[in-house]
Structure formats: structure tokens, C-alpha cells
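Notebook open, structure loaded. I'm jotting down what I look up as I go.

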Amino acid sequence: PFAIAKAAGYKKWYLSVGADMAKLKAGASEGHNHYVNNPKGTKVTPRMVLAQAERYNQIDPDGHLYGAIIASVRQYLEVKRQGRYAEYHLGFAAHYVGDLSMPLHNTVYDEFNRQYHVTIDGIVNDEVMDHLDRIRVYPITIRSERDLAKEVARIANLSMDLGYRLQAEGRILTGAEAYAQISHSASLLKAILDFVATQERN
């Protein structure tokens, strides 16, 4: 998540590790925020994304990653309006946005997923901080929570389709595919940062 957060221009990029730290401490109540078990053929919709937000930090074996993005952004804005320190919530959002583009965070946790999950998640881990220029941040505009849900759904479907394609082809992610995927996350995170900055000014 560090590389994605840095590429998106998040000044407190180091907070993006917080969700994994919390998972070690809180177990399932945090862990279920990091994935969605989508059966093959699922079409992720904005409505599905928004419905998952109600399950944030709850025990939910099917996972609710998409709702975790929505809910953590909501919490950031709510806590910020109360005049309290809200940055941790944005750090959690940054991590979830990174998980969103990881193909096997969007597919059923079956034998293929169990065997290759760690390998595919870490395909460029050892080099990415030295190659941030390979992360292509493209423009996304978010003016509302509904816009955010649409973008989450779009990237979820791209990631899920890739995950099932990898499974069908019996292979792991290539480096080029990995950079393309994390570019989606970095682009979405940049849009979220712009959105919350606008909300704070209004």
C-alpha cells in the first residue's frame, strides 16, 4: 500500500499500513474489510458497494472490502467535522483502495486463491518503491459518495475479471499487469484525496 499511497500524493502514506496492523490485533472484525468472495460471473454494482458499508468492521465471512472503502471515507469526514484527529481513517481507506486492485481480493477464496494469494499480492513488492514512475495515475472525478461507489465497482469488476482469468490460465500476475492494477488504486486514491479536501472546504 505504501507505493500506491505515495504515487497518489498522500502525504501521510505511511498510515496505509495501519489496516494490516489492526488485522493482526483485531482478527476477523478487521480482516473481513480486506476482501469480497465474489463467485465467478458476479457483477459488482454501486448499490452492492454502498450496501456493504453497513457491515464495516463486522464479522462477515463473505467480506465487504468495497463497503470498507465507503465507510472509512465517511468516518474520516465525520470525525474531521467534529474537530478531532481523523487521519487514521484515511490511512485505512488508502489500504483498502490498494486491496481493491489485487485480483484475488475479489474472487472466491478457493484452492487457486489459497495457493497463489500471497505470491500475486507481492509480485512487485521488492521493486515498486524504486519504480513509482511505472504507476500511472489517471484522472477520476468524485463529487459524491455515489461517484465513489461507481468507481469502486468499476475497479472491482476489472480486478475480479483478471483474478478469474489468471485462474483459468493457471498462472500468476505479470509485472506489467501488477503495475496496471496498482495504477487503478493510485488513481482512485488520488480522487478520494481530492474529494475529501473539497468536502473539508465546504
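Is isoleucine 69 buried or exposed? I checked, keeping in mind that this is a predicted model. Isoleucine 69 is buried, because its relative accessible area comes out at 0%, and buried here means under 20%.

**Entry: around isoleucine 69**

I placed isoleucine 69 in helix 5. Next I pulled its contacts, skipping neighbours within four places in sequence: Tyr96, Val97, Leu100, Leu148, Val152 and Ile192. I also looked up a C-alpha distance, from isoleucine 69 to alanine 186. The two sit 117 residues apart along the chain, and their C-alpha atoms are separated by 14 Å.

**Entry: helix 5 against helix 8**

Then I looked at how helix 5 (residues 65–81) packs on helix 8 (residues 145–169). I get an angle of about 150°, with the axes 10 Å apart. Anything over 145 degrees counts as roughly antiparallel, so that is what helix 5 and helix 8 are to each other. Helix 5 passes helix 8 in a right-handed crossing.

For the residues that meet, I noted Tyr66, Ile69, Ile70, Val73 and Arg74 on the helix 5 side, and Glu145, Leu148, Ala149, Val152 and Ala156 on the helix 8 side. Sorted by type, the residues of this contact give eight nonpolar, no polar and two charged.

**Entry: helix 6 against helix 9**

I ran the same kind of lookup for helix 6 (residues 87–100) and helix 9 (residues 175–201). Their axes come within 8 Å and cross at roughly 150°. Helix 6 is therefore roughly antiparallel to helix 9. The crossing of helix 6 past helix 9 is right-handed.

Here Leu90, Ala94, Val97, Gly98 and Leu100 from helix 6 meet Ser185, Leu188, Leu189, Ile192, Leu193 and Val196 from helix 9. I sorted these too, and the split is nine nonpolar, two polar and no charged.

**Entry: asparagine 38**

Last stop was a loop. Asparagine 38 lies between helix 3 (28–31) and helix 4 (46–52). How does its accessibility look, buried or exposed? With a relative accessible area of 3%, asparagine 38 is buried.

So what does the side chain of asparagine 38 make a polar contact with? I found the side chain of tyrosine 66, at 2.7 Å. Tyr66 is also one of the helix 5 residues I had listed as meeting helix 8.

Leaving out residues up to four places away in sequence, asparagine 38 touches Val44, Tyr66, Asn106, Thr107, Val108, Met160 and Tyr164.

Conventions: Residues numbered from 1 in each chain as written. Predicted model: local features only at pLDDT ≥ 70, side-chain atom pairs only at ≥ 80, totals over all residues. Heavy atoms only, no water. Helix = DSSP H or I, 4+ residues; strand = E, 2+ residues; numbered from the N terminus. Buried < 20%, exposed > 50% of the residue type's maximum accessible area, 1.4 Å probe, protein only. Polar contact = N/O pair within 3.5 Å; in protein donor to acceptor, adjacent residues only side chain to side chain. Contact = heavy atoms within 4.5 Å. Axes fitted to C-alpha atoms, helices over the stretch in contact; angles between N-to-C directions. Parallel < 35°, antiparallel > 145°, perpendicular 65-115°, else oblique. Left-handed = near helix turned anticlockwise from the far one by under 90°. Nonpolar A, V, L, I, M, F, W, Y, C, P; charged D, E, K, R; others polar.
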